[in-house]
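Reader: I should be grateful for a close examination of one part of this chain, namely the pairing of its strands. Please set that part in the context of the remainder of the chain.

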Amino acid sequence: MIWSVGQLISHLTRGTTLRQGTVIMTGTPSGVGFFRKEFLQDGDVVEVEIEGIGKVRNVISHAQ
């Protein structure tokens, strides 16, 4: 990562309040998927879980 977690939180809290349970998804820099030839496909699942709190699950669906 280019910036530390602390730097990301500092930057984000300049314009918004982060509440308990906020998930900050950093992703990857632009072009990484293209370079690696890896892209999310129809039916792929992206899931974020915090043990004891809950889970967010999204299934990728490209509109046609």
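Author: The account below begins with the chain as a whole, turns to the strand pair, and then follows the other parts of the chain.

The model is a predicted one. The chain contains two helices and two strands, and along the sequence these elements follow the pattern α-α-β-β. Over residues 1-60, helix accounts for 22% and strand for 20%, with the end C-alpha atoms 25 Å apart. UniProt lists those residues, 1-60, in an unreviewed entry as "domain: Fumarylacetoacetase-like C-terminal".

The overall dimensions give the setting for the strand pair. The C-alpha trace spans about 35 × 30 × 20 Å along its principal axes. The radius of gyration of the chain is 15 Å, whereas a compact globule of 64 residues would have a value near 11 Å. Buried residues amount to 2% of the 64 residues in the chain; a residue is counted as buried when its relative accessible area is under 20%.

The part requested is the hairpin. Strand S1 covers residues 45-50 and strand S2 covers residues 54-59. The two strands pair in the antiparallel sense, and six bridges join them. Two of the partnerships can be named residue by residue. Ile 50 stands opposite Gly 54 in S2, and Glu 49 has Lys 55, also in S2, as its bridge partner.

Between the strands of this hairpin there are three residues, and Gly 52 takes a positive phi near 85 degrees there. The loop between S1 and S2 also holds Ile 53. Ile 53 is classed as exposed because its relative accessibility is 66%, and the threshold for that class is over 50%. Seen against the rest of the chain, Ile 53 and Gly 33 are 20 residues apart in sequence, and their C-alpha atoms are 30 Å apart in space.

A side-chain contact also joins the two strands. In a regular strand, side chains alternate between the two faces of the sheet. Side chains of opposite charge can pair when their charged atoms come close. Arg 57 and Glu 47 form a salt bridge through their side chains, at 3.3 Å from N to O. This pair links distant parts of the chain, with Arg 57 in strand S2 and Glu 47 in strand S1, 10 residues apart. The partners fall into two accessibility classes: Arg 57 is exposed because its relative accessible area is 51%, while Glu 47 is partly exposed because its value is 42%.

The count of salt bridges comes to two, and the other partnership to describe lies between Arg 36 and Glu 38, whose side chains meet at 3.1 Å, N to O. Arg 36 has 52% relative accessibility and therefore counts as exposed. Glu 38, with a relative accessible area of 48%, is therefore partly exposed.

Helix H2 covers residues 32-36, and Lys 37 is placed in the loop that runs between H2 and S1. Lys 37 has a phi near 55 degrees, which is a positive value in a residue other than glycine. With a relative accessible area of 69%, Lys 37 is therefore exposed.

Further towards the start of the chain, Thr 16 lies in the loop between H1 and H2. Thr 16 is partly exposed because its relative accessible area is 42%. Thr 16 and Arg 36 are 20 residues apart in sequence, and 34 Å separates their C-alpha atoms in space.

Helix H1 is formed by residues 5-12 and includes Leu 12. Leu 12 counts as partly exposed because its relative accessibility is 32%. Leu 12 also belongs to a nonpolar patch on the surface, together with Met 1, Val 5, Ile 9 and Ile 24; their accessible area together is about 460 Å². Patch members must have over 30% relative accessible area, and the 32% of Leu 12 is consistent with that requirement.

To return to the requested part, the hairpin comprises S1 and S2 in antiparallel pairing, with Gly 52 at a positive phi among the three residues between the strands and a salt bridge between Arg 57 and Glu 47.

Technical notes: Residues are numbered from 1 along each chain as its sequence is written. This is a predicted model: local features need pLDDT of at least 70, side-chain atom pairs count only at pLDDT 80 or more; totals for chains, interfaces and linings use all residues. Side-chain values use heavy atoms; hydrogens and water are left out. Patches are made of residues with over 30% relative accessible area and no salt bridge: like charges are joined within 9 Å, nonpolar side chains (Val, Leu, Ile, Met, Phe, Trp, Tyr) within 5 Å. Accessible areas come from the Shrake-Rupley method with a 1.4 Å probe; for residues, only the protein chains shown count as cover. A salt bridge is a side-chain nitrogen of Lys or Arg within 4 Å of a carboxyl oxygen of Asp or Glu. Helices (H or I, at least four residues) and strands (E, at least two) are DSSP runs, numbered from the N terminus. Buried means under 20% relative accessible area, exposed over 50%, partly exposed in between (1.4 Å probe, protein chains only). UniProt positions are given in the numbering used here, feature names are shortened, and annotations may be inferred rather than shown by experiment. Two strands pair if DSSP finds at least two bridges between them. The radius of gyration is taken over C-alpha atoms; the globule rule is 2.2 Å times the number of residues to the power 0.38.
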